Amino acid sequence: MASFDKTNPVSRSDNPPDALVFGPFRVVPNERLLERDGESVLVGSRAFDLLCLLIDRAGEVVGKADLMARAWPGLTVDESSLRFHVVQLRRALDDGKDGQSYVVNVPGRGYCFVAPVHGTTTSKRLGTPDSAANQRPQRLPHRPSRVVGRDATVVMLAEHLTARRFVTLRGPGGIGKTTVAITLAHEVATSFRDGVQFVDLGSLRDPHLVAIAVASALGLVIPVGDPTLRLIDALRDRELLLVLDNCEHVVDAVARLTERIYLQTPGVSILATSRESLEAASEFVVELPPLEIPPQDLSDGLDINRYSSTQLFKECAAAAGCECDNDVVARICRKLDGIPLAIELVASRLSAHSLSEIDNLIEGRFRLAWPGRRTAPQRHQSLSAALDWSYDLISPAERSLLQYLSVFPGAFTLNGARAVARSLNEPEAVLDSLEQLVAKSLVTSRPDAGLARFCLLETTRAYAAEKLAACGMAHAAHLSHARYVLEALGPRTYEAGGRRPGGWSHRVELLSDARAALDWAYSDARGAQLRTPLAAACARLFVELNLLEECRIWAGRAIDALDDGLSYHAAKVELLWAFGHAAMFTERNSHQCETALRGGLELAQAVGDSPNQFRLLSRLHALYRRTGERKRLLEVARLADTVAAAIGDPAAIARAQTYLGVAYHLSGDQRLAREKLEAGEAGDAAIPDLPIDHFAYPRGTQIMSCTNLWLLGFPDQAAEVANRLTKIGSNPDLAMYCAGLCFAARVYRWIGDLSRLEEAADRLAAYSRKHGLGPFSTAATALKGELCIAHGAVDKGVELLRPALPRMLAERLELYSGAATIALVVGMAAQGRPAEALSTIEARIDAVAAQGDSWEMPELLRVRSELRAGCGDSLGAEQDIGAAIELAERQSALSWRLRAAVSHVHLADSGPPSAQALLELSHTLARFTEGSETADLRAARRLLEISPLAIPRLPQSASPRSSRISHMLER
């Protein structure tokens, strides 16, 4: 013991006493002994540790953190555990009785020991107790040496026992029910006058022996016949806790006995452990959960030791002398569902296998057979033995259903269970068997939005799958599962009878089932007939969940096996649509992508399938706007408008207007584009939210409104739309979100908001990388290069853009490559390579012109004008700037015209700008009604604020070329 309160003379002694006395109590810390008037007082080990620390600092307020560190060294526990053990300590001390206080609570700070403490020297030791002491006999197993993650559960159970007296601790085999029960019994033993009686029923085979086993444990003389009456009579005046362990195989007999004990012996509390409820009167059931497991997306720096499952695994690994990799340990604990027995058995194999080998081995059947401690009960010798114990206790119908349920890779509904097991029993029989499996802890159940979700633990699933294979019914079960998945994923909500079969409220819950069904159908020849419709339904699901790479792979695999007929028409159309959509965003805008979409369109046209025609036209529209094929883009938009009118669906009509608006915008007619875009947006606003699988589901309907508004001369409105595009909702279409980021970034660059540009580029890089959207990743790199050049880091910007631009062209990202080209040529000019820059911009102008009128042509001509001027071609520069101004006016692109007017002012070699150029700039600037603080309008005002006569001539050391380059960098 350390120092005591200063009022205590023993606190300053060089030889601290080996016993401490307060009131009628005497404490011998080294012997962990507490006595009252010479009689031993039983107190839990953690409560004793708390008492020692409080006495050691008598008169001081001891903080809760210090107390928890003393009682639970190296562990993180909840404050409720501390409160529970302080309560137990106070009970042992009769704190508060007859007005005597020992331990008081100081709210918000901790606890304080307030009684005087004196030291004594004694020879008395725990091994030589006073013969007069009346030691209460305890029938308890030894306290478990390793109890991880159960402190809060022990506290909760103690509270329930106090309030209800009759508690059943229920859970599957190996989850730690016995460990928790023994720990609780040791902790609360002193709370009962007659202590605790622990009865292990695991070895019983005859239910008639239950009452005899309990009576024998209590030391009663057992009469001939049923001892229940004698047992009840003996317990009537006792105050004790009766722990009945492993009740599931004799559950009926235990239920009858405990019900009578509860009703007729008011001083007896009952704690039963079982894999199923006793279903006795007044029983309160507590489900023992698995240990906490780390989340799937374990973030960097997250301490896995905060999770009880990984704590247990690492403790077992340390005992085996093995160091652990945190990621692998977390993965193993997830695979083992946090079941303590499974963790201990698997960790015990570290002496024979490496951690990575164990991670691979537990995917198979090996984990079921790995042996545990020889001293463990037979049912805990292996995971297989633990499950055999439960399996042998269920009926044949329940066994068959459990086997069939093993085909579900995750949670399932009652409808799903009925669908998979429809060949086994009538629907109501399935319900009865499922309820029994839940009651017997072989299936877990949890409510979700008012609907029950069921699940098998991974170990139970592996065990049941072995049984399924052994009985020869695996094919039938997997076939039923694949058919159920196909039914649950269709039809689409806009089709006749559209609904959500299978009891699911969200299709994301079917993802693991979809993957499992596909794997089976494509690996088992007997599933060949389901492959095409199943792949189509799953491909649509993958698109909805933004799993585009997975969609591309499975849809491509299915398309390769398609025949040329019209069989499975709807499925074929779905596959071609899904492949084209996914390939567009994950690989490149390849001819294979276009071929798939065109093939789907032709197939839909052949059978008059208008909704699917519209869906395919919408994807072709997305393809052609990305590839810069503006003539085809307008053709597709007009055809979509015709199909929408024929369907008569308001959503399709609104969407077709948007498609026309985008086509006109990219072709350079900004006024007509605004008219169509506004019509589409108005139609969208009038339509309730559409389900994602609707044929006219909106995919980025406002993305190009921001650039259209900016070109028309409304930069503030453009920025507002851009800001909306950067906000991500709860269930976004990630491909369209990335497209929106690209256009928002373009507006931020034009208005000069480089911080927003950087933020958009970073988001685009993160989302495209995380979700495998390769083309957008390239676009993000180009944006970062453009940002570097805007900040003056020219060399770094060119270094990023030089490889990114060819990749964009190879991936046919014409929609985004124009701005990257302009940034690159500006950077090359700043590096002193104007001729190379001029050659690059001319190649871009030729490529754009080959596709007809373009929204970006005025800006390309303006940039070439400045480059020509820098190369000394004044005539060519004047021709280009004049063409740029004229084309911008014709396109109603006021912002392009303003930029061209500013460049026109800068074209003067070394003298003042012409009065005509200044007048043109002034008139153009006056046409703006908003955006006065954006970059271009500020630049224009600066030029006009300088009188032509006051414009200083360039010093001889500076050249006109360097002045123009600086101007280009600012733009």
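**Notes on the predicted model**

1. Let's start with L201, which is buried, with a relative accessible area of 0%. Bear in mind that this is a predicted model. L201 sits in the loop that runs between β10 and α6 (210-217). Leaving out residues up to four places away in sequence, its contacts are V210, A213, L244, D245, N246, C247, H249, V250 and V254. L244 is worth picking out of that list: 43 residues separate L201 from L244 in sequence, yet their C-alpha atoms are 6.8 Å apart in space.

2. Next, the sheet that β10 belongs to. It is an open sheet of five strands with parallel pairing, and the order reads β10-β11-β12-β9-β13. At the edges are β10 (196-200) and β13 (284-287), each pairing on one side only. From one strand to the next, the twist averages 20°.

3. How many bridges join β9 to β13? Four, with β9 covering residues 166-170 and the two strands running parallel. If you want a spot to look at here, V167 stands opposite F284 in β13. Helix α8 (residues 251-264) lies across β9, β11 (240-245) and β12 (268-274), and the helix runs at about 160° to β12.

4. Closer to the start of the numbering there's a hairpin. Its strands are β1 (residues 19-22) and β2 (residues 25-28), paired in the antiparallel sense over three bridges. V21 has R26 in β2 as its bridge partner. Two residues lie between the strands, and G23 in this hairpin takes a positive phi near 55°.

5. There's also an open sheet of three strands, this one with antiparallel pairing and the order β5-β7-β6. Here β5 (61-63) and β6 (103-106) are the edge strands, so described because each pairs on one side only. Ignoring direction, neighbouring strands of this sheet are turned by 35° against each other on average. Between β6 and β7 (residues 110-113) the antiparallel pairing covers four bridges, and N105 has Y111 in β7 as its bridge partner.

6. Two helices pack on that three-stranded sheet. Helix α2 (residues 64-71) touches β5 and β7, with its direction making about 65° with that of β5. Helix α3 (residues 79-92) touches β6 and β7, and its direction makes about 150° with that of β6.

7. Now for two helix residues. Is S433 buried or exposed? S433 is found in helix α17 (residues 427-439), and it counts as buried because its relative accessibility is 8%, with the cut-off for buried being under 20%. Setting aside neighbours within four places in sequence, S433 is in contact with A397, E398 and L401.

8. A843 gives another reading. This residue is in helix α36 (residues 834-849), and its relative accessible area of 48% makes A843 partly exposed. That label applies because exposed needs over 50% and buried needs under 20%. From A843 to T821 is 22 residues in sequence and 9.9 Å in space, C-alpha to C-alpha.

9. On to the cavities. The structure holds nine of 30 Å³ or more, and the largest has a volume of about 500 Å³. Lining this largest cavity are 30 residues, and those closest to its centre are R746, W750, E786, A819 and A820. Which elements give two or more residues to the lining? They are α31 (734-751), α33 (774-790), α35 (814-830), α37 (857-870), α39 (894-906) and α42 (960-970). The largest share, eight residues, comes from α35.

10. Finally, some totals for the whole protein chain. It has 42 helices and 15 strands. Of its 971 residues, 54% are buried. Looking at contacts between residues at least 6 apart in sequence, 67% join residues at least 24 apart. The accessible surface comes to about 41,000 Å², with 50% of that belonging to carbon and sulfur atoms.

Technical notes: Residues are numbered from 1 along each chain as its sequence is written. This is a predicted model: local features need pLDDT of at least 70, side-chain atom pairs count only at pLDDT 80 or more; totals for chains, interfaces and linings use all residues. Side-chain values use heavy atoms; hydrogens and water are left out. Axes are lines fitted to C-alpha atoms, for helices over the stretch in contact, and angles run from 0 to 180 degrees between N-to-C directions. Contact means heavy atoms within 4.5 Å. Buried means under 20% relative accessible area, exposed over 50%, partly exposed in between (1.4 Å probe, protein chains only). Accessible areas come from the Shrake-Rupley method with a 1.4 Å probe; for residues, only the protein chains shown count as cover. On a 1 Å grid over the protein atoms alone, a cavity is a set of points where a 1.4 Å probe fits but cannot get out, and a pocket is an open set with protein on both sides within 12 Å along at least five of seven lines; lining residues have an atom within 4 Å of a point. Grid points are joined across faces, edges and corners, and a volume is the space filled by probe spheres set on the points.
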